[in-house]
Amino acid sequence: MRFAVGDAVRTSGRDPDHHYRVPRYLRGKRGRIEAVHAAFPLADARAAGDPSPPVETLYTVAFAGGEVWAEGAEPNTVYHAELWESYLVPADAAS
Amino acid sequence: MSDHEHDHMEHDHPHDHGSPAVVMTARVNALIGALESRGIVQDAEVTAVLERFLAAAGPSNGARIVARAWADPAYRGLLLDDANAAIAQLGLDMSHWAPVSLRVVENTQRAHNIVVCTLCSCYPIALLGPAPQWYKSEAYRSRVVREPRAVLHEFGITVPDDREVRVWDSTAELRYLVLPQRPPHSDDWDEARLMQAVTRDALIGVAL
């Protein structure tokens, strides 16, 4: 487990051509770890038919509306998604 | 089951021809056909499994959970902390082919919660029954993350700006249920009456 509740993280901005569970509206966005869940097999590898997919910690990450939609955001909105560890880097990591 | 699914896709999603859902339906039908032709399963068995699951799956399950949480503060605490354990106390189980983690999110004077699956149509079927068509529509799935307050307004709810709107996108292993606020002036209601006050839409977060 790499992250703890409250940690500032950023989602990968990757746009792979395979199954991938970071919704486009949350790619390359900064958020905070809101909850740490159990480890689950990575959906990308499962979808590719990998018989022994990597098992990674799953996190709920909270994103402020303004981070997601900039000045077009509605007031006082927060978005949450469940994201596997390899989708995330520390918020201050180099791009 | 296969014929039903086929009809469902053909008639309820006229705009979805060639979409991944239609392709998947065709693949599932082909798989079931192959299993049947080899004598591995019978169509009746598949139908029976689905019917057993769906007969036990409906919004009255969600309403029971909410009514208990309104009536019993200790149960409410457990529900918010470990929803799977809490619903097990009522004899309910999220699982069908694999274990499913449930998370219950609570509406308060400070926050309103709303659930979506932007990537497909993940939904707590065991607790609410099959998802309504609008929940699976591209319009709901795309707009509720772009302008949740506007979408809520169209459902008849105006959330004050000082009340946070929390959108829960079911992108992976969790399913969500909204715990609505208890109706006003309901202090002397028993659980049966409280249950009557719970709607499916409130458990998704598009009604109060």
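Colleague: How do α4(B) and α5(B) lie to each other, and why?
Modeller: In this predicted model, α4(B) and α5(B) are oblique to each other, because their axes cross at roughly 125 degrees, and an angle counts as oblique when it is neither under 35 degrees, nor over 145, nor from 65 to 115.

Colleague: Where are those helices, and how close do the axes come?
Modeller: Helix α4 of chain B covers residues 59-71 and helix α5 of chain B covers residues 73-81, and their axes come within 5 Å.

Colleague: Which residues meet there?
Modeller: From α4(B) there are I65(B), R68(B) and A69(B), and they meet Y75(B), R76(B) and L79(B) in α5(B). Sorted by type, the residues of this contact are four nonpolar and two charged, with no polar ones.

Colleague: Switching topic, what domains does chain B have?
Modeller: The domain assignment gives domain 1 as residues 2-54 and domain 2 as residues 58-204 of chain B, and the C-alpha centres of these two domains lie 28 Å apart.

Colleague: And how many residues are in contact between chain A and chain B?
Modeller: On chain A there are 17 residues in contact with 19 residues of chain B. Strand β4 of chain A, residues 77-84, supplies the largest share of chain A's side, namely seven residues, while that side as a whole divides into eleven nonpolar, three polar and three charged residues.

Colleague: Which strand of chain B does β4(A) pair with, and is the sense parallel or antiparallel?
Modeller: The partner of β4(A) is strand β3 of chain B, residues 164-169, and the two pair in the parallel sense over five bridges.

Colleague: What stands opposite A81(A)?
Modeller: Opposite A81(A) stands D169(B), which is in β3(B).

Note on methods. Residues numbered from 1 in each chain as written. Chains lettered and ligands numbered in written order. Predicted model: local features only at pLDDT ≥ 70, side-chain atom pairs only at ≥ 80, totals over all residues. Domains from an automatic or database assignment. Contact = placed C-beta atoms within 7 Å. Helix = DSSP H or I, 4+ residues; strand = E, 2+ residues; numbered from the N terminus. Nonpolar A, V, L, I, M, F, W, Y, C, P; charged D, E, K, R; others polar. Pairing = 2+ DSSP bridges. Axes fitted to C-alpha atoms, helices over the stretch in contact; angles between N-to-C directions.
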